[in-house]
Amino acid sequence: MRTLGTKKHKFTAFTFSSTLTKPQIHVISKAITLNPIAVSKHFKFITYFSFCSSNTFPSISIPTNPIPIDLPNPQTFSLLLNQRPKLSPLQQIHAQVVTQALSSNASLTASLIHCYLCAKNHPNARILFDHYPSPSPPIKLWNVMIRAYSKIRNSQEPIHLFLRMLTLDGPMQVVPDEYTFTFVITSCSHQISLIYGEIVHGMVVKSGFESNLYVGNSVINMYSVFARMEDARKVFNQISERDVFSWTSLLGGYAKHGEMDRACELFDMMPVRNDVSWAVMISGFLGCGRYPEALTFFCNMLCDDRVNPNEAVLVCVLSACAHLGALDQGNWIHLYIDKIGIRQSSNISTALIDMYAKCGRIDCASRVFNGICKRDVLSFTSMISGLSYHGLGKDALRVFYQMLDENVMPNEITILGVLNGCSHSGLVEEGSSILANMESLWGIAPKIEHYGCYIDLLGRAGYLERALEVVKTMPMEPDIVIWRALLSASRIHHNVNLGEQIISHIGQLKSSDHNGGEVLLSNLYASLGRWERVTEMRKLMVDRRSESSPGCSWIEVNGLVHEFRVADQLHPQIVEIRNKLNEILKRLSQIGYSANTMQVSFDLNEEEKEQAVAWHSEKLAIAFGLMSTEPGTLIRIVKNLRTCEDCHSALKAISQVYGREIVVRDRSRFHTFIEGDCSCKDFW
């Protein structure tokens, strides 16, 4: 017996004929893990041992008087390795292969490589591959190794192996086949640059595989990933017999990069569509903000008897409903999920919570949340964010502490949700404590988004100087979002001096997205009647080609989503809607409502200002809702911008005069108007 290995890793080699004991097998197995090649070089001997049936392999029989018996042959080991054992028994089998001096058996080495890759142990597989006993591994084994590494995101090992293969010559030469190119190109699509992929594509053409279906599909996908859609289309056209993956790869490229019109054309041409094809289209519409079309495609998918919605599709359409505030459609999808027996995975449960919360039914969101058997960070975060949007900061904190009690660790988005809840509820001390302790308690270093929420919290609560001090002392440079949050607080509290300081900082930023700050400061000047400064701001915006997003509101009536823009002229019933709105405003004036024109950002006379605020998108949506629904029906509105003070006052009055509950989701939070009051308590 002697000791082998390095100073760091030593193991004992038994150099006499014996029956191996369990401790000896354990020593060899451990050595295999540390240095399989060193073990194979030193174990050149015969052992006597026998196999017996056992639930745990290998079971070593140690007779009192060891008798030499037939040794396990390579076929025996091959049968065992064909079972693809787990890592621990695999290492024991490997140890016995080494002790039987079978390390030079190419077939067994290949089987061991396959097994180690199945066990996700790439290092051991690579060591065996690099010391393959024959002159060079066969092409099938090269393909197996390249494929295994290609599944690892951003790994360059497939490319390195491929280059190494190409350098072999003479008797060791190995010629890449269609599978080699398929796996290498798949890896190229995961790289930062397309340069490797273009080189390999050139080799594909030179080798005559450009029309091969599998190689072609991988090339289409690679070019699609890098937004080279013209190149992807050329390769697609060169494939004579395409399959559904060819079509879907090209379709996914168009959808991913927002070319939905091209995607629609291709989708209509597809001879066969599967659930992935539908999912690509629906997620593509979702990704570019075309939510109604995502729901339309989902309805069309349900009419196709050959496919059923998968989890990805259901999550996408629930998200589309959430963006539109389409409660009726979201509720129907929930019923559909239950009816056909789809398991409510974490993703689906989270999407349901988000949908109900963003559609104004925080009670339904809570019901889904409470029905989850094992809640995870996604479901907790979705529930916390939903409560925060509804201005229920204390409830958001309660769920957050419940999360900690259940030993679920928060992530960055969870903390953002909690800080957002504190901001909308004026919980300054609670929010300050969360930000101060998030790194020490939960290992989450505050990012600029967390500071943005905290500054918004301080600003809304009127602590402008304290917020400015945080901006000056935070460990990173403030971005446009930070300054806009502080500027918005300055506008709310009519602090012009601070607003002017902030706009000077915004002007020094390199970011081209300055328009948000300029619009806010322009509105601040307008509210104070300083029209000369408004003119300057507007001129600056024109010079920089800055634009503000036009106000847009959505309302769902009888399952259809209607869109309204400020001073809308496009709705087919716009004349009736404007007449209805004029009637509403007259009734409101009888109970003391008068238009708040302080934020009109143009120098107009008072009558023109009143007309300007009258045609805001949410007012038009409310008028349509009142004329299209039965008395007493709840009205839900979604708006893309923050609700202005005049609309907020008008909606309170409408809820009182018409006896309607009105739920509005603006850019920052929910407002529930009942009998003249708002759930935000005028704090938004």
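This is a guided tour of the structure, stop by stop, with what to select at each one. The model is predicted.

**Stop 1: the loop at Arg84**

Select Arg84. Its place is in the loop between α3 (74-81) and α4 (87-99). Check the backbone here: phi is positive, about 50°, although Arg84 is not a glycine. Is the residue buried or exposed? Arg84 has a relative accessible area of 36%, so it counts as partly exposed.

**Stop 2: helix α6**

Move on to Asn124. This residue is found in helix α6, which covers residues 122-130. Asn124 is buried, because its relative accessible area is 4% and the cut-off for buried is under 20%. Now add Gln91 to the selection. Asn124 and Gln91 are 33 residues apart in sequence. Draw a distance between their C-alpha atoms, and the gap in space is 9.9 Å.

Next, select Arg126, Asp130, Glu157 and Arg164 together. Salt bridges link these four residues in a network. Show the side chains to follow it.

**Stop 3: helix α10**

Go to helix α10, residues 195-207, where Tyr196 is found. Show Ile195, Tyr196 and Ile199 as a surface. The three form a nonpolar patch there. Together they have about 270 Å² of accessible area. Tyr196 itself counts as partly exposed, because its relative accessibility is 33%.

Stay on the helix and pick Glu198. What does Glu198 form with Arg228? The two form a salt bridge, with the closest N and O atoms 2.9 Å apart. Glu198 is in helix α10, while Arg228 is in the loop between α11 and α12 (229-238). The pair links distant parts of the chain, 30 residues apart. Glu198 has 33% relative accessibility, so it counts as partly exposed. Arg228 is partly exposed too, because its value is 31%.

**Stop 4: the second largest pocket**

Select Asn221, Phe245, Thr248, Ser249 and Val276. You are now at the second largest pocket, which holds about 370 Å³ of space. Its lining has 18 residues, and the five you selected are the closest to its centre.

Which elements give two or more residues to this lining? They are α11 (213-225), α13 (244-256) and α15 (275-287). Colour α13 separately, since that helix gives the most to the lining, with 7 residues. Then colour the lining by residue class. You should find 6 nonpolar, 10 polar and 2 charged residues.

**Stop 5: around helix α23**

Select Asn407. This residue lies in the loop between α22 (393-405) and α23. Here is another backbone angle to check: the phi of Asn407 is near 60°, positive in a residue other than glycine. Asn407 counts as exposed, because its relative accessibility is 69% and the cut-off for exposed is over 50%.

Now step into helix α23, residues 412-425, and select Leu419. Leu419 counts as buried, because its relative accessibility is 0%. Add Leu435, which is 16 residues away from Leu419 along the chain. The C-alpha atoms of Leu419 and Leu435 are separated by 7.9 Å.

**Stop 6: two salt bridges on helix α33**

A search of the whole structure finds 18 salt bridges. Two of them end the tour. Side chains of opposite charge can pair when their charged atoms come close.

Select Glu618 and Lys639. Their side chains meet in a salt bridge at 2.8 Å, N to O. Glu618 is in helix α33 (residues 617-628) and Lys639 is in strand β5 (residues 635-639). This pair links distant parts of the chain, 21 residues apart. How accessible is Glu618? Glu618 counts as buried, because its relative accessibility is 0%. Lys639 is buried as well, with a relative accessible area of 8%.

Shift to Lys619 and add Asp646. These side chains meet in a salt bridge too, at 2.6 Å, N to O. Asp646 lies in helix α34 (residues 645-657) and Lys619 in helix α33, so the pair ties together parts that are 27 residues apart in sequence. Asp646 counts as buried, because its relative accessibility is 2%. Lys619 also counts as buried, at 4%.

Note on methods. Residues numbered from 1 in each chain as written. Predicted model: local features only at pLDDT ≥ 70, side-chain atom pairs only at ≥ 80, totals over all residues. Heavy atoms only, no water. Patch = residues over 30% accessible without salt bridge, like charges linked within 9 Å, V, L, I, M, F, W, Y side chains within 5 Å. Areas by Shrake-Rupley, 256 points an atom, 1.4 Å probe, with all protein chains shown as cover. Helix = DSSP H or I, 4+ residues; strand = E, 2+ residues; numbered from the N terminus. Buried < 20%, exposed > 50% of the residue type's maximum accessible area, 1.4 Å probe, protein only. 1 Å grid on protein atoms, 1.4 Å probe; cavity = no way out; pocket = protein on both sides within 12 Å on 5 of 7 lines; lining within 4 Å. Points joined across faces, edges and corners; volume = space filled by probe spheres on them. Nonpolar A, V, L, I, M, F, W, Y, C, P; charged D, E, K, R; others polar.
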